[in-house]
Amino acid sequence: TKYLNLSRQNDNISTNMMYSWNELKLSDNDKELIEKLKNIKQKKNIKLIVISGPSHSGKTTLANNIQNNLKKVFILHQDHYFRRDVKYMLNGNYDTPKAIDHIRLREKISYLIERIPNDSILIIEGFMAYFDIFIPMLSDLNIWLDVTDVDELAERRRKTGQNFKGVEWYKTIVWSNHLKYIEYCDKLFEYHTELLPRIMFKGNIEENTQNALNLIKKIDVFN
């Protein structure tokens, strides 16, 4: 559609966003797309919720729980948008912003906002879901899973067998990248005061689910 084509016109997106921790500077086309999508969201009463946090902190589980408790909830998993060449480009290190195909993710977000029914909720969950400012610019609720027990996170990842190379590897690679992501997000949200603040969730999955449902009611999704 005309909306999807706009994101392809930013020729600098790969160098600015995939290969450094520097903030992406939105082009005029990006800003135009964001405004058009905001207008569509408003007309259709679509609310966008973003969930982020470290690897295996419970992002997917929380998103699924929200979906199971409410009607017309659609989930977009950032993990489904790894670059196709990431295995070769980064020696299998999936835990950096370089690994995500941000352009393709933007296109899917735009597509869903246009196509999902009125009065819907779109959840985007991912370990670096706030990295591309395009996403929080559209968000109505920003959730951050503040899980800091590195040993527990490493054990959860080991149990899934998902690209796990040992606890020390997790601490050196995965957690190290997450700390960079925290620093990046702190600066991003501090500088861009127009973004809604991140709400820190520190509880277990049941508490986090209830807190999320309560917050969703407050943003008046089904007004």
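**Exercise 1. Find the residues that His178 touches beyond its neighbours in sequence, and decide whether His178 is buried or exposed.**

Solution. Leaving aside the neighbours within four places in sequence, His178 is in contact with Gly53, Pro54 and Trp144 in this predicted model. The next step is to place the residue, and His178 is found in helix H9. The relative accessible area of His178 is 6%, and because buried means under 20%, His178 counts as buried. A further step looks along the chain: His178 and Phe127 are 51 residues apart in sequence, yet their C-alpha atoms are 8.1 Å apart in space.

**Exercise 2. Carry out the same analysis for His77, starting from the element in which His77 is found.**

Solution. His77 is found in strand S2, which comprises residues 73–77. Its relative accessibility is 16%, and His77 therefore counts as buried. When residues up to four places away in sequence are not counted, His77 touches Thr60 and Glu125.

**Exercise 3. Determine how the axes of H8 and H9 are arranged, and which residues meet where the two helices come together.**

Solution. Begin with the geometry: the axes of helix H8 (residues 150–160) and helix H9 (residues 167–191) come within 10 Å and cross at roughly 105 degrees. Angles of 65 to 115 degrees count as roughly perpendicular, and H8 and H9 are therefore roughly perpendicular to each other. Turning to the residues, H8 contributes Val150, Asp151, Leu153, Ala154 and Arg157, which meet Val167, Trp169, Tyr170, Lys171, Val174 and Trp175 in H9. Sorted by character, the residues of this contact divide into eight nonpolar, no polar and three charged.

**Exercise 4. Establish which residues of H8 are buried, and explain why they lie on the same side of the helix.**

Solution. The buried residues in H8 are Val150, Leu153, Ala154 and Arg157. They cover an arc of only 100 degrees around the axis, which puts them on the same side of H8. The general background is that an α-helix has 3.6 residues a turn, so residues three or four places apart point the same way. The buried residues of H8 pack against H9. To complete the description of this helix, consider its N-terminal end, which is capped by Asp149: a side-chain oxygen of Asp149 lies 3.3 Å from the backbone nitrogen of Asp151.

**Exercise 5. Locate Lys72 and Asp119, and state what is notable about the phi of Lys72 and of Asp119.**

Solution. Take Lys72 to begin with, which lies in the loop between helix H4 (59–69) and S2. Phi of Lys72 is near 50 degrees, a positive value in a residue other than glycine. With a relative accessible area of 38%, Lys72 is partly exposed. Asp119, in turn, lies in the loop between H6 and strand S3 (121–126), and has a positive phi of about 60 degrees although it is not a glycine. Asp119 is partly exposed, with a relative accessible area of 27%.

**Exercise 6. Describe the setting of Lys98, and then place the residue within the protein as a whole.**

Solution. Lys98 is found in the loop between helix H5 (86–89) and helix H6 (102–115), and a relative accessible area of 33% makes Lys98 partly exposed. Lys98 and Arg83 are 15 residues apart along the chain, and their C-alpha atoms are separated by 8.2 Å. For the protein as a whole, there are 10 helices and five strands, and 52% of the 223 residues count as buried. Among contacts in the protein with a separation of 6 or more, 77% are between residues 24 or more positions apart.

Key: Residues are numbered from 1 along each chain as its sequence is written. This is a predicted model: local features need pLDDT of at least 70, side-chain atom pairs count only at pLDDT 80 or more; totals for chains, interfaces and linings use all residues. Side-chain values use heavy atoms; hydrogens and water are left out. Axes are lines fitted to C-alpha atoms, for helices over the stretch in contact, and angles run from 0 to 180 degrees between N-to-C directions. Helices (H or I, at least four residues) and strands (E, at least two) are DSSP runs, numbered from the N terminus. Angles under 35 degrees count as roughly parallel, over 145 as roughly antiparallel, 65 to 115 as roughly perpendicular and the rest as oblique. Contact means heavy atoms within 4.5 Å. Ala, Val, Leu, Ile, Met, Phe, Trp, Tyr, Cys and Pro count as nonpolar, Asp, Glu, Lys and Arg as charged, and the others, Gly among them, as polar. Buried means under 20% relative accessible area, exposed over 50%, partly exposed in between (1.4 Å probe, protein chains only). The arc is that of the directions from the helix axis to the C-beta atoms. A polar contact is a pair of N or O atoms within 3.5 Å; within protein, one must be able to donate a hydrogen and the other to accept it, and residues adjacent in sequence count only if both atoms are side-chain atoms.
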